[in-house]
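Q: I'm new to this one. Could you walk me through how to read it?

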Amino acid sequence: MTIRSLATSASLIALCLFGATAPGFSAETTPAQIAAVQGTAPNFTGISNWFNSPPLDIKSLRGKVVLVDFWTYGCINCVNTLPHVTALHAKYKDRGLVIVGVHTPEFPFEKSASNVQNALKRHGITYPVAQDNESKTWNAYSNRYWPAQYIVDQSGQIVYQHDGEGQYEQMDSIIKKLLSANS
């Protein structure tokens, strides 16, 4: 038995014993998490391109409510969330919400800036989008799934995190509450 086949066998045994989940394919719904324990939101780092905006950083967004949305255009779960994210943008952009899409590719073809630009047009995305081809912002957030949303309050603290589809009403409620606190 070669080392490679031994490693493969061990991996298969571990999967059978402990189970596995892949982003977007979990048998159970990942619950929304109030994420105050995560602390200060990391900055956007390693961004190769910015679309719909000059480069942004978390510190300059203090005083605003920020929704950081990790996605990639080749992920059907991500595509399913986009109408909800763009609706939040339309509803709250004039009240102090800033949405930053962080496009972190899963596959090599998703690294193309022109492909990302075409996806933005196709989905009507007008809010800022950072192209995170090297997953540096993804890693700074310790993110693991597509899609994933992080709500950052006016002081720069992550107050909510959700993986996957759904929880749209809860995100809307949290954003509305944070924006109302500032009025």
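A: Sure, starting with the core. In soluble globular proteins, nonpolar side chains tend to be buried together. Here the largest nonpolar core has 49 residues, and Phe44, Val68, Leu97, Val100, Tyr141 and Ile151 have the most contacts inside it. Such a core is a set of buried Ala, Val, Leu, Ile, Met, Phe, Trp, Tyr and Cys residues joined through side-chain atoms within 4.5 Å; buried means under 20% relative accessible area, exposed over 50%, partly exposed in between (1.4 Å probe, protein chains only). This is a predicted model: local features need pLDDT of at least 70, side-chain atom pairs count only at pLDDT 80 or more, and totals for chains, interfaces and linings use all residues. Residues are numbered from 1 along each chain as its sequence is written, and side-chain values use heavy atoms, leaving out hydrogens and water.

Q: Which residues is tyrosine 141 in contact with, leaving aside neighbours within four places in sequence?

A: Contact means heavy atoms within 4.5 Å. Tyrosine 141 touches Ala41, Pro42, Phe44, Ile58, Val68, Phe70, Tyr150 and Ile158.

Q: What about unusual backbone spots?

A: Most residues other than glycine have a negative phi, and most peptide bonds are trans. In this model, a cis peptide bond joins tryptophan 146 and proline 147, with omega about -20°. Serine 142 has a positive phi, near 55°, and serine 135 has a positive phi near 60°.

Q: Is serine 142 buried or exposed?

A: Serine 142 is exposed, with a relative accessible area of 57%.
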